[in-house]
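User: I'd like to learn how to read a structure like this one, feature by feature. Could you walk me through it?

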Amino acid sequence: MTGSTAATFTADDYRARMERAARQAAEAGLAGLLVAPGPDLVWLTGYTPPAVTERLTLLVLAAGQDPVLVVPALEAPDAHRAAGAAALTLRDWTDGKDPYAATAALLDSSGRFGISDNAWALHLLALQQALPGSSYASLTEALPMLRAVKDAAELDLMAAAGAAADATFEEIRDVPFAGRREFEVAADLDRLLRRHGHEQVDFTIVASGPNGANPHHEAGDRVIARGDMIVLDFGGLRDGYGSDTSRTVHVGEPTDEERRVHDIVRAAQEAGFRAVRPGAACQDVDRAARRVIADAGYGEYFIHRTGHGIGVTTHEPPYMIEGEERPLVPGMCFSVEPGIYLPGRFGVRIEDIVTVTEDGGRRLNTTTRELVIVE
């Protein structure tokens, strides 16, 4: 995390997160959690290793035990400076020693553990060899909601990231579009996101004309022309928390059909937002948005889920999709982003990040959802 995020959270905050994670692991029937470098480790401890290498770094959490962070000795000084270091015990190991034996000594030899999705196979296989009776489940499988509910400080950071993305859109709509290549506009989006405080830009989709029918189109060298519908989808991390917004703009005056399709998506996005309330199922948000598009005759052209969670990564659980019956809880943050994609012609997507409140939902993106005309 960057400076202002580290200043936001204290050792007590990280201690509470680790205690909650260990408790949830026990409730899920796990002997503990093993957290490798990545977003889970940052969220739980405030620590980002100076480099991701083959040397083992692993946070060990188990209910009733003090948290232990196993780190290479040459990186221990950096770990000691982490915002959450005071809430855990550091156990370092030197080159030439066996870090897996040291880690195994902390674990139930026959336990089942949740382990970070991005843990290296090298480390997992070595732990299995050290503890043949142990077994493992990915954190996404075992504790998918671990980071889903944000506290007040996290929500403030999410709102600030959303406001920065909104400021980026307000500026990008004034840049020239016609006659420029998609990657040039994408570079403008990257520059603006960083100007408005993002330390990391994860994506800058600029999908013009027929490219708009590909939801994850990579900005390329197509020259944008008058008459193009353009899907803009951009976001990243600001102070360690994610932004992600989509707006569809048009170069010059749109046709009646283009306006109609955009209006349908806008109505679907509004319906998805209005379905957000505590206790509703995630799939209810998808159903509400999808129904509007299907009723208008475009159901086969809405080809992705309605939304995804967001926090210290720009895509994470929960997911707004049919079959996801998990209830919405105040503090959850996720996208609501229906779209219509007409192959070979154009696409439309409108996306806001929404957080669940005590009595409904609140948008973290507030720029206009009307069709914006650009030049």
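User: Which residues touch the most other members of the largest nonpolar core?

Analyst: Keep in mind that this is a predicted model. A nonpolar core is a set of buried nonpolar residues joined through their side chains. Here the largest such core has 35 residues, and Leu33, Leu44, Leu59, Leu61 and Leu69 touch the most other members. Elements giving two or more residues to this core include α2 (11-27), β1 (32-35), β2 (58-61) and α8 (152-172). The largest share, five residues, comes from α2.

User: What is Leu59 in contact with, leaving aside its neighbours within four places in sequence?

Analyst: Leu59 has quite a list, including Met18, Leu33, Leu44, Pro67, Leu69 and Leu88. Another core lies apart from the one we just looked at; it has 20 residues, among them Val175, Leu192, Leu232 and Val372.

User: On to the rings. How many aromatic pairs does the structure hold?

Analyst: There are four aromatic pairs. To read one, look at the distance between ring centres and the angle between planes: from 30 to 60 degrees counts as tilted. The centres of Phe9 and Tyr241 are 6.3 Å apart and their planes sit at 50°, so this pair is tilted. Phe9 is in the loop between α1 (3-8) and α2, while Tyr241 is in strand β9 (residues 241-251), so the pair links parts of the chain 232 residues apart. Ring pairs also bring in Tyr14, giving a cluster of Phe9, Tyr14 and Tyr241.

User: Are Phe9 and Tyr241 buried or exposed?

Analyst: The cut-off for buried is under 20% relative accessible area. Phe9 comes in at 3%, so Phe9 is buried. Tyr241 is at 0%, so that residue is buried too.

User: Now charges. How many salt bridges does the structure hold?

Analyst: The general idea is that side chains of opposite charge can pair when their charged atoms come close. This structure holds 29 salt bridges. Take Arg349 and Asp233, whose side chains meet at 3.0 Å, N to O. Arg349 lies in strand β14 (residues 346-349) and Asp233 in strand β8 (residues 229-238), so the bridge ties together parts that are 116 residues apart in sequence. Both partners are buried: Arg349 has 2% relative accessibility, and Asp233 has 6%.

User: Which residue forms a salt bridge with Asp263?

Analyst: That's Arg266, with the closest N and O atoms 3.2 Å apart. The two are three residues apart in helix α10, so about one helical turn separates them. Asp263 is partly exposed at 38%, and Arg266 is partly exposed at 27%.

User: Where do Glu270 and Arg363 lie?

Analyst: Glu270 is in helix α10 and Arg363 in strand β16 (residues 361-363), so their pairing ties together parts 93 residues apart in sequence. Their side chains meet in a salt bridge at 2.6 Å, N to O. Glu270 is partly exposed at 25%, whereas Arg363 is buried at 13%. Salt bridges with shared partners join Arg247, Glu270, Arg274, Asp352, Arg363 and Arg369 into one network.

User: One last feature: which residues make the nonpolar surface patch of about 300 Å²?

Analyst: Val52, Trp120 and Leu122 make that patch. Leu122 is found in helix α6 (residues 121-130), and its relative accessible area of 46% makes it partly exposed.

Note on methods
Residues are numbered from 1 along each chain as its sequence is written. This is a predicted model: local features need pLDDT of at least 70, side-chain atom pairs count only at pLDDT 80 or more; totals for chains, interfaces and linings use all residues. Side-chain values use heavy atoms; hydrogens and water are left out. Patches are made of residues with over 30% relative accessible area and no salt bridge: like charges are joined within 9 Å, nonpolar side chains (Val, Leu, Ile, Met, Phe, Trp, Tyr) within 5 Å. Accessible areas come from the Shrake-Rupley method with a 1.4 Å probe; for residues, only the protein chains shown count as cover. A salt bridge is a side-chain nitrogen of Lys or Arg within 4 Å of a carboxyl oxygen of Asp or Glu. Helices (H or I, at least four residues) and strands (E, at least two) are DSSP runs, numbered from the N terminus. Buried means under 20% relative accessible area, exposed over 50%, partly exposed in between (1.4 Å probe, protein chains only). A nonpolar core is a set of buried Ala, Val, Leu, Ile, Met, Phe, Trp, Tyr and Cys residues joined through side-chain atoms within 4.5 Å. Contact means heavy atoms within 4.5 Å. Rings of Phe, Tyr and Trp (its six-membered ring) pair if their centres lie within 6.5 Å; planes under 30 degrees apart count as stacked, over 60 as edge-to-face and the rest as tilted.
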